[in-house]
Amino acid sequence: MTSEEARHLVNIIPVIAKADAISKTELQKFKIKLMSELVSNGVHIYQFPTDDETVAKINASMNGQLPFAVVGSMDEVKIGNKMVKARQYPWGIVQVENENHCDFVKLREMLICTNMEDLREQTHSRHYELYRRCKLEEMGFTDVGPESKPLSLQETYEAKRHEFYGELHRKEEEMKQMFVQRVKEKEAILKEAERELQAKFDHLTRVHQEERMKLEEKRRLLEEEIISFSKKKATSEIYQNQTFMAMGSNLKKDKDRKNSNFM
């Protein structure tokens, strides 16, 4: 985000960081150059207000000292009998809260003590209102009608509300039609699947009946073979018995014949 874009959103107060990196002469030249570039590029910075007599003099003086050159440090160094925040170098110590070393104290006083309320007011009345107006315009809320007639926010709201509900009703109808269409498509798919399942069931039933008939036929043939085998077995047993009886009778006759010849 550039400074030009940021000026519409926040109060811009130019600050030069690490001001201890250059000499005081170079710092003054750099301040003049920086302010000149801000003006030439159309970047509007926050000016401390001078309409209040109680702070007009000090604010006018501080406006002439912009941008503030600051030095920051979290380290504490003992100077005399107290510890102060400072940056320690081999050639000396730069104190953060020493106005002869940097503008940190001036910046803090201007922001927190002297102009806090004005900063809050500027943020609310200018930047927030501009942001809110832009957002409302993006949503379609304007204070000018189709014929360039001024409209109140309530009228714009009612018009947008009517338009919104009309669009909502149209989308509801589209969703209903889409839902009905999808239900019909789903029903058609389910009916087709049901027909396929019924066809498979009928086919399996026919196959089962055919297999059952084949098994019944095989069982009938097997039973006939068993009956035929039983008959053959019975006939064979009768024949064997008759053969054994005939052989026994012949043996007896031969024995009787031998006995009669011997006598």
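This is a short walk through the fold, one helix, the cores and a few backbone oddities of the protein shown above.

Okay, housekeeping. What you see is a predicted model, so local features need pLDDT of at least 70 and side-chain atom pairs count only at pLDDT 80 or more, while totals for chains, interfaces and linings use all residues. Residues are numbered from 1 along each chain as its sequence is written, and side-chain values use heavy atoms, with hydrogens and water left out.

Overall layout, then. The protein has six helices and five strands; these are DSSP runs numbered from the N terminus, H or I of at least four residues for helices and E of at least two for strands. Along the sequence the pattern reads α-β-α-α-β-β-β-β-α-α-α. Of the 263 residues, 18% are buried, where buried means under 20% relative accessible area, exposed over 50%, and partly exposed in between, with a 1.4 Å probe and protein chains only. Take the contacts (heavy atoms within 4.5 Å) with a separation of 6 or more: 51% of them are between residues 24 or more positions apart.

Let's zoom in on α2, residues 24–40. Its 17 residues should span 24 Å at 1.5 Å a residue, and the end C-alpha atoms are indeed 24 Å apart; the expected span is 1.5 Å times one less than the number of residues. Which residues of α2 are buried? Leu27, Lys31, Met35 and Leu38. They share one side of the helix because they cover an arc of only 70 degrees around the axis, taking the directions from the helix axis to the C-beta atoms. The other side has the exposed ones: Thr25, Lys29, Ile32, Lys33 and Ser40. The buried residues pack against β1 (15–16) and β2 (68–69). After α2 comes Gly42, with a positive phi near 70 degrees.

Now the cores. By nonpolar core I mean buried Ala, Val, Leu, Ile, Met, Phe, Trp, Tyr and Cys residues joined through side-chain atoms within 4.5 Å. The largest has 15 residues, and Ile13, Ile45, Phe48, Leu66 and Phe68 have the most contacts inside it. Two or more residues of this core come from each of α2 and α4 (104–114). A second, separate core has seven residues, including Leu27, Ala69, Val71 and Cys102. Back to Ile13: beyond its neighbours within four places in sequence, Ile13 contacts Tyr46, Leu66, Phe68, Leu107 and Leu111.

Another spot to click on is Asn115, in the loop between α4 and α5 (116–138). Asn115 counts as buried because its relative accessible area is 1%. Leaving out residues up to four places away in sequence, Asn115 touches Tyr46, Phe48, Pro49, Asn59 and Met110.

Backbone oddities next. Most residues other than glycine have a negative phi, and most peptide bonds are trans. Here, though, Leu66 and Pro67 are joined by a cis peptide bond with omega about -5 degrees, and Pro67 sits in the loop between α3 (53–63) and β2. Lys18 isn't a glycine, yet has a positive phi of about 50 degrees. You'll find Lys18 in the loop between β1 and α2, and since its relative accessibility is 63%, Lys18 is exposed.

Last stop, the hairpin. How many bridges join β3 (residues 76–79) to β4 (residues 82–89)? Four, with the strands antiparallel; pairing takes at least two DSSP bridges. Val77 has Val84 in β4 as its bridge partner. Two residues lie between the strands, and Gly80 in the turn has a positive phi of about 70 degrees.
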